[in-house]
Amino acid sequence: MNDLFVHAATLEQLQANFWAPRDPMVNEDGLGNPYFSPYMVFWSAVAKVTGLGTFVVLKLGAFVNLVLFLTGFGSFVSTLTDNRTAPVASLVAVFFLWGTGFFYWSGFISFPSLIASIAYPSTFAVGMGLWLWVWLYRLLYGTSRSVSRAALTLSIAAGGTLVVLSHQFTAIGVCIYAGLFLARNHRRITRTTLICFGAIVAAVLASILVWPWFNLLSSTGGVEGFNAVHKPLYTDLVKRYSLLLFAVPVLAYRLAKDKADPLVLTVLICLAVFVYGGASGNYFLARIFPPVALLSQIAVGIAVAQWLGRGRRQIQRFYAAAACLGILAGAVFQSGFVNLLAPGAYPEALDETFDSRMTKGDYRWLTNHAEAGDSVMTTNWDARAMAPAYGIFTVMPAWPDPFLGDVEKQRRADSREFFKASTDPRRRAELMTKYDAQWVIVVDMDTAVLEDDPQFNWVDERPDTGVREESTGRGRQQLFEFLGR
């Protein structure tokens, strides 16, 4: 599922009203919504100061996130082994050792997922989380001569705050590994480092409490909405995760050598939570799986780098060779996404690769008529997903928004009622007035409900720009203006 446009919509609302933004998708109060994370606030400020467009700023964010992830990844793997080829081998495993089908989901660092979600807060949080583990290692082992203990403490406190406020799912995995790492190395904790850890925890908690855009401690949201979004992560398990079974032997080997190995224990704890989520119907717990994959893939990469050399037991060399074949197979399964690396417009290039429930092209045609802050009545997927990226709200949100609660349910029900053939014209006018909607978007096959209603005037048709912008089986999108205001 492509979240690009909802992140663009978040930037649009922050630029429109920095301290009191509206909800990114619908015209409701946005304060309290975790979409307004430090990551998004920073890039909205950049856009506002420089005058750069929303998608240009997202490109900048993508570049920063890529650098953050790659440097953090290499540094983290280097804390686990002194083998110089291990970071490269591990990175290849992270990219391709997934399942027998392509897999992309924000926060899951498969090759296609990293490309598709490179500009997202989840990718920023993963990259920063890797650096937090590195800084924690350096603080405990004192391996960084050029960086003082105070600087490391400040970096961990600042980075921890950014991760917790930018992507809470990622923060949980980061904290689990950090806690297990400290437990494994408790003998290295001195009075000074204990004071540092206390300062870090205090700083992070204080930052969470004073963050003005949402209160993390009260932003529980609706579990039902999260479950609906994440249920697909428990389907097609072979296609999504089967090649990760290559990690089982090396994880068992590591655990046999060190019963307190934080890497293995983090995998086991997160995997147990993932399994519980599927068994209990709490599908939102699928978001705890990324650390399972990431750390397992790193373990495989390290084993491959170490065991392919001479002087290793035959079974180790055999495993390394088999793992290489598994990674190669994974590369074949994911290869359909390579074209995203080619130069091209962003987000149009996504459509060339993700022939699924992806938004198509751009949506600038609507801005020729509707203004930022206007609302559109529509049930069309592309319209609901893309219009908010240009500052234009929709009555019915594209994505489930648990933080709207019953408001979202009512909006969805009212939108469906609006387009029923049996709905009275007066009721349609009431719904348009209720949500202060000025526009209606509907495809050709569904325009009959508006054609004989004098309250609505046809304005425009979504143009054909040469990009396969939408499924035209039911006709192109039509824009109507509501005249009954």
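A salt bridge here is a side-chain nitrogen of Lys or Arg within 4 Å of a carboxyl oxygen of Asp or Glu. Keep that cut-off handy for the first few exercises. One caveat up front: the model is predicted.

**Exercise 1. Show that Asp-414 and Lys-434 pass the salt-bridge test, then place the pair in the fold.**

Solution.
- Step 1: check the distance. The N to O separation between the side chains of Asp-414 and Lys-434 is 2.8 Å, and the limit is 4 Å, so the pair counts.
- Step 2: find the elements. Asp-414 sits in helix H18 (residues 406-418) and Lys-434 in helix H19 (residues 425-434), so the bridge ties together parts 20 residues apart in sequence.
- Step 3: look at the surroundings. Asp-414 is buried at 2% relative accessibility, whereas Lys-434 is partly exposed at 49%.
- Step 4: zoom out. Asp-414 and Lys-434 belong to a salt-bridge network that also takes in Glu-417, Arg-427 and Glu-430.

**Exercise 2. Work through the salt bridge between Arg-184 and Asp-258, and say which parts of the chain it joins.**

Solution.
- Step 1: the closest N and O atoms of Arg-184 and Asp-258 are 2.8 Å apart.
- Step 2: Arg-184 belongs to helix H8 (residues 168-184), while Asp-258 is in the loop between helix H12 (247-257) and helix H13 (262-280); the pair therefore ties together parts that are 74 residues apart in sequence.
- Step 3: Arg-184 is partly exposed, with a relative accessible area of 35%, and Asp-258 is partly exposed too, at 22%.

**Exercise 3. Are Asp-382 and Arg-462 buried or exposed? Describe their salt bridge as well.**

Solution.
- Step 1: the Asp-382 and Arg-462 side chains meet at 3.6 Å, N to O.
- Step 2: Asp-382 is in helix H17 (residues 381-386) and Arg-462 is in the loop between strand E4 (456-461) and strand E5 (477-482), so this pair links distant parts of the chain, 80 residues apart.
- Step 3: Asp-382 comes out at 5% relative accessibility, which makes it buried. Arg-462 is buried as well, with just 1%.
- Step 4: for the overall tally, the structure has 10 salt bridges.

**Exercise 4. How many disulfides does the structure hold, and why do Cys-175 and Cys-196 not form one?**

Solution.
- Step 1: the count is 0.
- Step 2: take Cys-175. Its closest cysteine sulfur is in Cys-270, 11 Å away, which is too far for a bond.
- Step 3: take Cys-196. Its closest cysteine sulfur is in Cys-175, 18 Å away, again too far for a bond. Cys-196 counts as buried at 10% relative accessibility.

**Exercise 5. Which residues have the most contacts inside the largest nonpolar core?**

Solution.
- Step 1: this core has 130 residues, and the ones with the most contacts inside it are Phe-69, Phe-73, Tyr-241, Ile-298, Tyr-363 and Leu-366.
- Step 2: pick Tyr-241 and list what it touches beyond four places in sequence: Trp-98, Gly-99, Phe-103, Phe-108, Leu-233, Phe-274 and Phe-289.
- Step 3: don't miss the second, separate core of 16 residues, which includes Val-395, Phe-419, Leu-431 and Tyr-435.

**Exercise 6. Compare the span of helix H14 with its expected value, and say how enclosed the helix is.**

Solution.
- Step 1: H14 (residues 289-307) has 19 residues and reaches 27 Å from its first C-alpha to its last, close to the 27 Å expected.
- Step 2: of its 19 residues, 18 are buried, so H14 is largely enclosed by the rest of the structure.

**Exercise 7. Where is Tyr-177, and which residues is it in contact with?**

Solution.
- Step 1: Tyr-177 is in helix H8 and counts as buried, at 3% relative accessibility.
- Step 2: setting aside neighbours within four places in sequence, Tyr-177 contacts Phe-76, Leu-80, Trp-133, Pro-262, Leu-263, Thr-266 and Leu-295.
- Step 3: for a sense of scale, Tyr-177 and Asp-452 are 62 Å apart in space, C-alpha to C-alpha, and 275 residues apart in sequence.

**Exercise 8. What is the mean pLDDT of the chain, and where does pLDDT stay under 50?**

Solution.
- Step 1: the mean is 90, with 90% of residues reaching 70 or more.
- Step 2: the stretch under 50 is residues 355-359, for which the model has 17 contacts beyond four places in sequence.

Notes. Residues are numbered from 1 along each chain as its sequence is written. Side-chain values use heavy atoms; hydrogens and water are left out. A nonpolar core is a set of buried Ala, Val, Leu, Ile, Met, Phe, Trp, Tyr and Cys residues joined through side-chain atoms within 4.5 Å. Buried means under 20% relative accessible area, exposed over 50%, partly exposed in between (1.4 Å probe, protein chains only). Contact means heavy atoms within 4.5 Å. pLDDT is the predictor's confidence in each residue, from 0 to 100. A disulfide is a pair of cysteine sulfur atoms within 2.5 Å. Helices (H or I, at least four residues) and strands (E, at least two) are DSSP runs, numbered from the N terminus. The expected span of a helix is 1.5 Å times one less than its number of residues.
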